[in-house]
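Work through the exercises below with the model open. Try each task before reading its solution.

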Amino acid sequence: MNLNAVGIDISKGKSMVSILRPMGEVVETPFEVQHNSESLKNLAKHLLHLDGDTKVVMEHTGRYYEAVANVLFENGLSVYIVNPLLIKAYGNNSLRRVKTDKADAVKIARYALDNWVELREYGGADEIRYQLKTLNRQFQLASKQRTETVNNLIAFFSGCSGLLQQSSP
């Protein structure tokens with residue numbers, strides 16, 4: 001059975017995709033995918049038609065990865081989100097430091113092959129965790145805004161009482 005490691009280097013509006021198999025076999029040269037519904041669904045269909053077991057791996061980079069991960073996951077692919085520090089530290093034994101989207105996608109695919117068994121699958125629990133994090137951020141922002149508003153009102157009324165004292169005979 002073939003093992004297909006799909007490494008996706010996520011950027012703001014597009015991603016670079018690399019597909020490798022063990023022993024360095026390149027299934028396809030790295031290619032670019034736009035972050036729109038049609039392109040991502042076409043990518044999912046393409047990956048589903050690969051012969052063998054396929055794992056899609058990408059870095060947890062801000063929020064850009066979410067749309068890609070969700071579309072691929074919802075279309076039946078095994079998706080894995082990895083901490084960027086693990087990818088950065090992986091394979092840094094080369095003297096040449098090549099930093100391109102293609103090189104990063106290949107590096108992520110190689111990481112997937114070397115860590116095939118240890119990868120943790122993306123799923124519904126990640127979505128719940130994401131929603132809780134979002135709610136927590138919104139609550140923290142609302143609390144901060146409330147505190148700023150109270151402080152502004154205190155300062156305003158302190159200034160008003162000073163003006164009233166100055167104007168009284």
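Two exercises follow, one on strands and one on helices.

This is a predicted model: local features need pLDDT of at least 70, side-chain atom pairs count only at pLDDT 80 or more, and totals for chains, interfaces and linings use all residues. Residues are numbered from 1 along each chain as its sequence is written, and side-chain values use heavy atoms, without hydrogens and water.

**Exercise 1.** Place strand β4 (residues 53–59) in its surroundings.

Solution. Start with the elements: helices (H or I, at least four residues) and strands (E, at least two) are DSSP runs, numbered from the N terminus. Check the cover next. Six of the seven residues in β4 are buried (under 20% relative accessible area, 1.4 Å probe, protein chains only). Now find the partners; pairing takes at least two DSSP bridges between two strands. Strand β1 (residues 3–10) pairs with β4 in the parallel sense, over six bridges. There, D53 of β4 stands opposite L3. Strand β5 (residues 78–82) also runs parallel to β4, with five bridges. E59 has V82 in β5 as its bridge partner. From β4 the chain crosses through helix α2 (residues 64–74) to β5, a right-handed β-α-β crossover (clockwise from the first strand over the helix to the second, with the strands pointing away from the viewer).

**Exercise 2.** Describe how helix α1 (residues 37–48) packs on α2.

Solution. Take the axes, which are lines fitted to C-alpha atoms over the stretch in contact, with angles from 0 to 180 degrees between N-to-C directions. They lie 9 Å apart, at an angle of about 45°. Therefore α1 is oblique to α2 (not under 35 degrees, not over 145, and not 65 to 115). Finish with the contacts (heavy atoms within 4.5 Å). L40, K41, L43 and A44 in α1 meet A67, V68, V71 and L72 in α2.

Conventions:
Buried < 20%, exposed > 50% of the residue type's maximum accessible area, 1.4 Å probe, protein only.
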